[in-house]
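Trainee: Got a minute to go through this one with me? I'd like to talk about packing and charge pairs.

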Amino acid sequence: MCCVRFDFTVPTKNLREKDLKRQILLELVEYVASANEKFTENLMLEVVKMVSANIFRDFAPRPRENNNILLNSLDFEDEEPHMDPAWSHLQVVYELLLRFIISPETDAKIAKRFIDHSFVMKLLHLFDSEIPSEREYLKSILHRIYGKFMVHRPFIRKTINNIFTSFVFEEEKHNGIAEFLEVFGSIINGFALPLKEEHKLFLVRTLIPLHKPKCLAMYHHQLSYCVTQFVEKDFKLADIVVRGLIKYWPVTNSTKELLFLNELEEVLEATHASEFQRCMVPLFREISSCLNSLHFQVAEIALLLWNNDHIENLIKQNRKVILPIIFPSLERNARQHWNQSVRSLTLNVRKVFYDIDPDLFEVCQIRFQEDESMEKEIEEKRESTWKLLEELASKKVVSNEAILVHSTTSAS
């Protein structure tokens, strides 16, 4: 009876039958939750058949133009969640499936014949549902399947990996990325040491590229947790992670840049001195650019890295390399940044460097002044060249003669 699917788009249709089905489903949930003897093979088959008949369905395709509007929007949390009119029944079916899987009366050796690769594959594709409550159930169920059915673990990891790859490099739209990453956060937490090569490749080829999509804000918290877990388990991965962040560093999206800086602080918190030295040059070139950002929060968070004791110690130990890279940005901020808070934080950072190594600070200041005067000379030469070209053009404006500029003039 529970395998019958009703049309919920017409609320007044089959009301008695719908109510009867819901009552039976609730009774089944209660029975599965309180069972005290092993479930038979036939019962398992019928449960999986009934669940499959109800929850497995195709989602309506999303129009391409609507995708672009969604991706460019930053107010993801303000959107009204979609609600399937059949959810009142689907929810009870999901509850039944969850209770069935976690029940001690479900023998995994027998149940794996019915909760097989095909079932798991269909379950994973349901993560694209627009119903948040459905994705929460799916997350809990997947987590329990991963824990109970060890035989399915490689298949689950591979299938989710394929979904991630398709999301990053093709569609850039999937509703369940955050939930997948939440499951992976627990999986990564349980990885044995030393880490397998397969798991390291997952970090490099899947997790790091997940920083690329425009809708990063929808799942960044979960992604950052997964990445940091890897670095905490194997500190040698810090260099790979930092260089990966630099590779996908946003150029024109300040909102994403704030997320990157927050994640960077968490990664550097778990980074050892040896790995820090390997990536500090490209890292502080990027941070130097952030320090001068006109978006005051980007500049502010970059400067607040010095408030972290571990990161500050790493910087101090490698100041001879780092200060020459960021000194021009610090000087420009102190002189002309429009935000008072940024200027104040900049002066604090300058003082840190001056107090610990005044000689190095003075060398960097002299070099900056020399570079500044050289830039001024180049700018003056450029202006004089343009002025000369304008004068030549004004003389030839009446005739059709081509304007010739001597090689010495153009070189200047």
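Mentor: Sure, let's take a helix pair and then some salt bridges. This is a predicted model, where local features need pLDDT of at least 70, side-chain atom pairs count only at pLDDT 80 or more, and totals for chains, interfaces and linings use all residues. Residues are numbered from 1 along each chain as its sequence is written, and side-chain values use heavy atoms, with hydrogens and water left out.

Trainee: OK, at what angle do H4 and H7 pack?

Mentor: About 15°, with the axes of H4 (residues 87-102) and H7 (residues 132-148) 10 Å apart. That makes the two helices roughly parallel, a word for angles under 35 degrees. Helices here are DSSP runs of H or I, at least four residues, numbered from the N terminus.

Trainee: Switching topic: how many salt bridges in the whole structure?

Mentor: The search finds 20, each a side-chain nitrogen of Lys or Arg within 4 Å of a carboxyl oxygen of Asp or Glu. Lys139 and Glu182 form one of them, at 2.8 Å from N to O. Lys139 lies in H7 and Glu182 in H9 (residues 177-189), so the pair ties together parts 43 residues apart in sequence.

Trainee: Is Lys139 buried or exposed?

Mentor: Buried, at 13% relative accessibility; the cut-off is under 20%, with exposed over 50% and partly exposed in between (1.4 Å probe, protein chains only). Glu182 counts as partly exposed at 34%.

Trainee: And what does Glu331 pair with?

Mentor: Arg350, with the closest N and O atoms 2.6 Å apart. Glu331 is buried at 7%, and Arg350 is buried at 16%.

Definitions and conventions: Axes are lines fitted to C-alpha atoms, for helices over the stretch in contact, and angles run from 0 to 180 degrees between N-to-C directions. Angles under 35 degrees count as roughly parallel, over 145 as roughly antiparallel, 65 to 115 as roughly perpendicular and the rest as oblique.
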